[in-house]
Protein chains: 2
Amino acid sequence: MPTLAEVAQKAGVSIATVSKVLSNTPYFTEETRRKVMSAVEELGYLPNLAARALSSGKTHLIGVIFPYVYEGIFTDPLVQYILEGVEAECNERGYNIVLSTPRLSPDGPEENYRRLLQSSYLDGIVALDNVPLSSVLSPSLRKNTPAVAIGYGDHPYFVRSDDLQGSTSLMEHVVSLGHRHIGILTVDESLHYSIQNRHLGLQTTAETAGLNYAQFPKFDRGDFSIASGMQGAAEVLNQENVTALVCINDRMALGAIQQVQKMGFRVPDDITVVGYDDILSAQLFSPALTTIDQRAPELGHQAAQMLFALLNNEIPDSVVIPTRLCIRESSAPPKSSR
Amino acid sequence: MPTLAEVAQKAGVSIATVSKVLSNTPYFTEETRRKVMSAVEELGYLPNLAARALSSGKTHLIGVIFPYVYEGIFTDPLVQYILEGVEAECNERGYNIVLSTPRLSPDGPEENYRRLLQSSYLDGIVALDNVPLSSVLSPSLRKNTPAVAIGYGDHPYFVRSDDLQGSTSLMEHVVSLGHRHIGILTVDESLHYSIQNRHLGLQTTAETAGLNYAQFPKFDRGDFSIASGMQGAAEVLNQENVTALVCINDRMALGAIQQVQKMGFRVPDDITVVGYDDILSAQLFSPALTTIDQRAPELGHQAAQMLFALLNNEIPDSVVIPTRLCIRESSAPPKSSR
DNA sequence: AAATAGTAGTTAAGCGTTTAACTATTATAC
DNA sequence: GTATAATAGTTAAACGCTTAACTACTATTT
């Protein structure tokens, strides 16, 4: 690979001149610029980013962090959408993405991740930060690297989906259809801040409508999977007489629908099932799933934009992104009210 | 951030000693090692990767390249599975991933990508290489960086899914059910080498069974999307009397099923529909889709393993990964043969 | 005529590592 | 008792770039 020195020699100028011409420093004659550029052209010079990084402290590399606790992170449908949003913004500005998916444990993220964060490799960080267990963005870890959190982690700059509003409009929809006996299929809320907010939205809305949320039958041993949705639906339906199942995510909702059908009920005629996320399968499934679209690509876009503002020494405003209720075929008024 | 120099001073030894102790070079007393390690511990020293990269030429960064032509790459269901496989192998070895999704045009990949490839940032490359348009791994681009291709690009080290075997077993399944009038829903094969192989498998198998593949009604203006699957199914069913639709991917197959149902036919009773990929929705859809699982995570695992072999100066063998036929509910014998 | 400002480039230090080459001490062989 | 090898550490060059500080010349101001 040609270096600055070779370009300089070929152009008959000093190394510094080449470096400065390439970074558009003023005070060079057109003649000099031309000589430099044609030498660059001929040799096919491209900067050695490692050297540039060492010298300038800038790598043009953005870390995108998806921590996980139990299962691999790539089963989370948010991930690819966020990645897509961040990637678009980075590419536009000539930045590249370093993808890291550290495993989280009570003693914090794994060694490999800590090395990356403190390596001076990353100009900035965008991190999913929803897990109470331990923040991947704790100040001790990231030193002075600018960072934006996606989620509820304790961090000055963040983007979140409005889980409260999302779960509120979801429960409002179910209640407004006339449902009074509602089962909740969810996961342990200590796993996820966003889940806590969704619970809060469900509860507040139910109680505002005069329902006793505390007495709703609940299955909270789910793990976001289809299988746990099936299990949850089975448990709730075997014990109680509900007309609707509100699920904490789409995969559990799709599992629930299958279980409901397997037990001889129809969706939505006998039982309404709603989810949260609007994954691809939600639209395709039959019956198509009523759910909340949290517009995940927008999370990525906004987070990246905020990060570049920070890199530009601006102070960005944190953002809460509103969700969208997608009413499809899996929700309808309860039988009794028809 | 503490540097080697500070650690050396604190430990009362030279910089070189610290560096060597940290890389487990022999010939140091336990006493010296202890002093160094406790200084490292106390200061929380972590190496500056940019400096290490410049000095040693090793960054411990692996480029993972997903080129795209028209639509964003993240809609491709392969991507997340491959990423998952590569990530697992990299993480195990202390490597990090640089994700790049260059847009391909007839004059090759975009500038930003070329800079990355020749920047000395990447120790190795894993690239999806299926598009005839221009290889992201052409020797002129990647200089001496070791690379493994996933797909049919002209490259010495590659991993591919056995598209020929996959499409063969898919067509064998349909033919063995008794179908003779079969519609093909596909995309322009110049877009993708793997598609060419799938076509070949379909054709050979049909002809081996004594059928005239050339006269099968075909829709080849698809773009992998659900919408184009619906359009294709509509066109084929309006013109010809087929009992089965073989689709080049699952999304088109799911679109086709919806269109078939919308036109008043039942799947699989009236018309069999099969797909290719085994995306999540394929299992969830009702009727569940008969399709080919190409075991994408395995592609990522194998590619990464080959790359690390290369980095280790070994010569890996290229791999063709067999697929698995998933027979579900969307395929059945044609009416006439019952 | 001297001082100042603007233009056009060069020199050289520094970024934090790695590692070849070197010194110095101690152990082993013959 | 000297040569050789093994052990234990240091010195200093190199990686390729950025940039502050400097030189040198020309144009303008006072």
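In the predicted model, a polar side-chain atom of Ser19(B) sits 2.6 Å from a phosphate oxygen of DNA strand C. A polar side-chain atom of Tyr27(A) also approaches a phosphate oxygen of this strand, at 3.1 Å. Lys20(A) addresses a base instead: an N or O atom in its side chain is 2.9 Å from a base oxygen of DNA strand C. Two or more residues of the surface near DNA strand C come from each of helix 2 and helix 4 of chain A and helix 2 and helix 4 of chain B.

In total, 24 residues surround DNA strand C. The nearest are Ser14(A), Thr17(A), Thr32(A), Ser19(B) and Ser55(B). Of the atoms of DNA strand C within 4 Å of the protein, 66% belong to sugar and phosphate. By residue class, the surface near DNA strand C comprises 11 nonpolar, 10 polar and three charged residues.

DNA strand D is likewise surrounded by 24 residues. Here the closest are Leu4(A), Tyr45(A), Ser55(A), Thr17(B) and Thr32(B). Sugar or phosphate supplies 68% of the atoms of DNA strand D within 4 Å of the protein, and bases supply the rest. The surface near DNA strand D holds 11 nonpolar, 10 polar and three charged residues. Helix 2 (15-22) and helix 4 (49-56) of chain A, and helix 2 (15-22) and helix 4 (49-56) of chain B, each supply at least two of its residues.

Individual contacts to DNA strand D involve both side chain and backbone. An N or O atom in the side chain of Ser19(A) is 2.6 Å from a phosphate oxygen. Asn48(A) places a backbone N or O atom 3.4 Å from a phosphate oxygen. Ala51(A) has a backbone N or O atom 3.4 Å from a base nitrogen.

Chain A is assigned three segments of architecture: domain 1 (4-47), domain 2 (61-160 + 297-321) and domain 3 (163-294 + 325-337). The C-alpha centres of domain 1 and domain 3 of chain A are 64 Å apart.

An open sheet of 12 strands draws on both chains, with mixed pairing. Its order is 13(A)-7(A)-6(A)-5(A)-1(A)-2(A)-2(B)-1(B)-5(B)-6(B)-7(B)-13(B). Strand 13 (319-321) of chain A and strand 13 (319-321) of chain B stand at the edges; each has a single partner strand, so one side of each lacks a neighbour in the sheet. The twist averages 20° from one strand to the next. In chain B, strand 7 (residues 158-161) runs parallel to strand 13, joined by three bridges. Val159(B) stands opposite Val319(B) of strand 13. Helix 5 (residues 77-92) of chain A lies across strand 1 (61-65), strand 2 (96-100), strand 5 (124-128) and strand 6 (147-150) of chain A, and also across strand 2 (96-100) of chain B. This helix runs at about 150° to strand 2 of chain A.

Chain B also contains an open sheet of four parallel strands, ordered 9-8-10-11. Strand 9 (218-222) and strand 11 (272-274) are its edge strands, each pairing on one side only. Neighbouring strands are turned by 15° against each other on average, direction ignored. Strand 8 (residues 182-187) and strand 10 (residues 244-247) of chain B pair over four bridges. Leu185(B) has Cys247(B) as its bridge partner in strand 10. Helix 9 (residues 193-208) of chain B packs on the sheet and touches strands 8 and 10. The direction of helix 9 makes about 170° with that of strand 8. Helix 10 (residues 226-239) of chain B lies across strands 8, 9 and 10, at about 155° to strand 9.

Definitions and conventions:
Residues numbered from 1 in each chain as written. Chains lettered and ligands numbered in written order. Predicted model: local features only at pLDDT ≥ 70, side-chain atom pairs only at ≥ 80, totals over all residues. Heavy atoms only, no water. Pairing = 2+ DSSP bridges. Axes fitted to C-alpha atoms, helices over the stretch in contact; angles between N-to-C directions. Contact = heavy atoms within 4.5 Å. Near = heavy atom within 4 Å. Polar contact = N/O pair within 3.5 Å; in protein donor to acceptor, adjacent residues only side chain to side chain. Nonpolar A, V, L, I, M, F, W, Y, C, P; charged D, E, K, R; others polar. Domains from an automatic or database assignment.
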